[in-house]
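Student: I would like to go through this structure with you, one point at a time. Could we begin with a single residue and work outward?

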Number of protein chains: 2
Amino acid sequence: MIIIGEKLNTSIQKTMEAVQNRDEEALIALIRAQEEAGADYQDVNAAVGGDELAGMQWLAGLVLKHSHGGIMLDSPSTEVIEDVIKKVGERPVIVNSVTLSERLSLLPAIFEAGAAVVGLPMDGGGIPRTAEGRKKNAERLVDKITAAGIPPEKIFIDVLAESAAVADENLMIALSSIPLINAIDPGIKTVCGVSNVSFGLPGRVNINCAFLSAAVAAGLQSAILDITSPAVKTALLSSLAVVGRDEYCLNYIAHMRGMKG
Amino acid sequence: MIIIGEKLNTSIQKTMEAVQNRDEEALIALIRAQEEAGADYQDVNAAVGGDELAGMQWLAGLVLKHSHGGIMLDSPSTEVIEDVIKKVGERPVIVNSVTLSERLSLLPAIFEAGAAVVGLPMDGGGIPRTAEGRKKNAERLVDKITAAGIPPEKIFIDVLAESAAVADENLMIALSSIPLINAIDPGIKTVCGVSNVSFGLPGRVNINCAFLSAAVAAGLQSAILDITSPAVKTALLSSLAVVGRDEYCLNYIAHMRGMKG
């Protein structure tokens, strides 16, 4: 399971304030907390609340300096991605995102950088309302991405988990699309933003954990989530133990010992 | 989702002691707590720790007197079932269990009583190690049960969720068997004992909740569990909201309001 920490995102009020104030201490604490909790990558998104390019450059610099893992460059702007991707050196990088109708012009720069990419299986018509529709879009997207030289192993397909509060069927569509998209190619990985699923609901972490457990059982291979939340981390490790992706449940058992210690 | 409360089982130390001491107060409190928490049925099992027939008669009497819901008669003994099933009158009853090689002689008494039955999809050879094997056994069992006059609507098939600690593949086999067994007939319901899945592991409720969320997403239609556990109840309601089995998430939202109130 590839874990992507979600906290360095200016759509989170506290992070936005810390970025606006260039509060290094607060952000370094977040970066270290995410890495210690097990984040393989740190998502960096500065699209809200100020000069995105400057914010992204500054945040990415902090991640490179104060963590050892990978970085996910998360931006709606091709200019921002094209600038920052040249500055991240040898670190593992994932660009989030391209769609069938947006930001495909980034593919050559992603290929050049040896980076990975998240593809959203949607086109100008929006998000398909069936798992089969998402799978078909994912196939078209994988074709376009591999045609740019990027191998399947560097492709993440987002299963587009929306809020359960918006439409009852939202999450079963996303969950059902996981095995369909995994079946496209053994190299590609399914991914999604777990916290989206509870937008607008009370006790959000409960919904996040229930979805995560179902998604892990459906075969989700990576997730953008709040790994610093003890509830989320425990749900993740429990789910991996349940589905046999934790040999002899050893990671889960070690985690529980740590929680008590 | 049909909820079966698991607490009236003498394999739980406290329950065994309360049954041995004929501690009415303690057991009435358990019965009421399960019903208030949302149990549709109360599982009654007195197989451990004393005279099973007398224990079962006494426990079943308390359930009939102090709750309004159904009763699950859970015993390895055909004699005990045959005795108690005649005494439960008009209440909804589920007999737990028959297998392809055990207790099939109960079917006429179950039919006579208008009761439902849990079938374990196993034969003398034990528990199949594949979902497909469990489905095939379930089909054979459904044939035998319906041949005795019991309609599919009164058949529960247990998907045989064993402990994650015993073999890494145990729970993916059980989870994968849920949609296969649901597909046998629209009337039959899948069921399992949720607490089994964490036997031998620390922090058992975490594993129980992760499995429950995955099982609800896979289509599980009823469960024997500790509905008096706030964590389990929250995971159940969260899971039903995630998979769209809670219109507009209204039950989940009401539950969260109650937790705060």
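Tutor: Let us begin with Arg129(B), which is partly exposed, because its relative accessible area is 39%. Please keep in mind that this is a predicted model.

Student: Which residue forms a salt bridge with Arg129(B)?

Tutor: The partner is Glu162(B), and the closest N and O atoms of the two are 3.0 Å apart. Glu162(B) sits in the loop between β6 (155-158) and α7 (170-182) of chain B, while Arg129(B) sits in the loop between β5 (116-120) and α6 of that chain. The pair links distant parts of the chain, 33 residues apart.

Student: Is Glu162(B) buried, exposed or partly exposed, and why?

Tutor: Glu162(B) counts as partly exposed because its relative accessibility is 22%, and the buried class ends under 20%.

Student: What about chain A, which residues are linked in a network of salt bridges there?

Tutor: In chain A, a network of salt bridges links Arg129(A), Arg134(A) and Glu162(A).

Student: Back to chain B, then. Where is Arg134(B) found, and is it buried or exposed?

Tutor: Arg134(B) belongs to helix α6 (residues 131-147) of chain B. Arg134(B) counts as buried because its relative accessibility is 0%.

Student: What lies 3.0 Å from a polar atom of its side chain, the side chain of Arg134(B)?

Tutor: That is the backbone oxygen of Pro128(B). Leaving aside neighbours within four places in sequence, the contacts of Arg134(B) include Arg129(B) and Glu162(B), and also Val159(B), Leu160(B), Ile173(B) and Ile181(B).

Student: How many salt bridges does a search of the whole structure find?

Tutor: The search finds 13 over all chains. One of the pairs is Arg140(A) with Asp123(A), whose closest N and O atoms are 3.6 Å apart. Arg140(A) lies in helix α6 (residues 131-147) of chain A and Asp123(A) in the loop between β5 (116-120) and α6, so the pair ties together parts that are 17 residues apart in sequence.

Student: Are those two buried, exposed or partly exposed?

Tutor: Arg140(A) counts as partly exposed, at 43% relative accessibility. Asp123(A) is also partly exposed, at 26%.

Student: What joins Glu139(A) and Lys135(A)?

Tutor: Their side chains meet in a salt bridge, at 3.7 Å from N to O. Both residues lie in helix α6 of chain A, 4 residues apart, which is about one turn of the helix. Glu139(A) is partly exposed, with a relative accessible area of 32%.

Student: Changing topic: how many residues does each chain bring to the contact between chain A and chain B?

Tutor: Chain A brings 32 residues and chain B brings 31 residues. The area buried between them is about 2,500 Å², and carbon and sulfur atoms give 70% of that area.

Student: Why is an area quoted for an interface?

Tutor: The accessible area lost when the parts come together is often used to give the size of an interface.

Student: What are the counts of salt bridges and of residue pairs in polar contact between the two chains?

Tutor: There are 0 salt bridges between chain A and chain B. The count of residue pairs in polar contact is 8, with both residues at pLDDT 80 or more. On the side of chain A that touches chain B, α7 (170-182), α8 (204-218), α9 (230-242) and α10 (250-260) each supply at least two residues. Helix α8(A) gives the most, with 8 residues.

Student: What does Ile207(A) touch?

Tutor: Ile207(A) lies in helix α8 of chain A. Not counting residues up to four places away in sequence, Ile207(A) touches Val197(A), Ser198(A) and Leu201(A), together with Ser238(B), Ala241(B), Val242(B) and Tyr252(B). Ile207(A) is buried, with a relative accessible area of 0%.

Student: One last topic, strand β3 of chain A. How many of its residues are buried?

Tutor: In β3(A), residues 70-74, 5 of 5 residues are buried. Gly70(A), Met72(A) and Asp74(A) cover one side, and Ile71(A) and Leu73(A) the other.

Student: Which strands does β3(A) pair with?

Tutor: Strand β2(A), residues 41-45, pairs with β3(A) in the parallel sense over 4 bridges, and Val44(A) has Leu73(A) as its bridge partner. Strand β4(A), residues 93-99, also runs parallel to β3(A) and is joined to it by 4 bridges. There, Leu73(A) is partnered by Val95(A). The chain crosses from β3(A) to β4(A) through helix α4 (residues 78-84), in a right-handed β-α-β crossover.

Methods
Residues are numbered from 1 along each chain as its sequence is written. Chains are lettered from A and ligands numbered from 1 in the order in which they are written. Side-chain values use heavy atoms; hydrogens and water are left out. Buried means under 20% relative accessible area, exposed over 50%, partly exposed in between (1.4 Å probe, protein chains only). Two strands pair if DSSP finds at least two bridges between them. A crossover is right-handed if, with the strands pointing away from the viewer, the path from the first strand over the helix to the second runs clockwise. Contact means heavy atoms within 4.5 Å. Buried area is the accessible area (1.4 Å probe) that two parts lose on being put together, summed over both. A salt bridge is a side-chain nitrogen of Lys or Arg within 4 Å of a carboxyl oxygen of Asp or Glu. A polar contact is a pair of N or O atoms within 3.5 Å; within protein, one must be able to donate a hydrogen and the other to accept it, and residues adjacent in sequence count only if both atoms are side-chain atoms.
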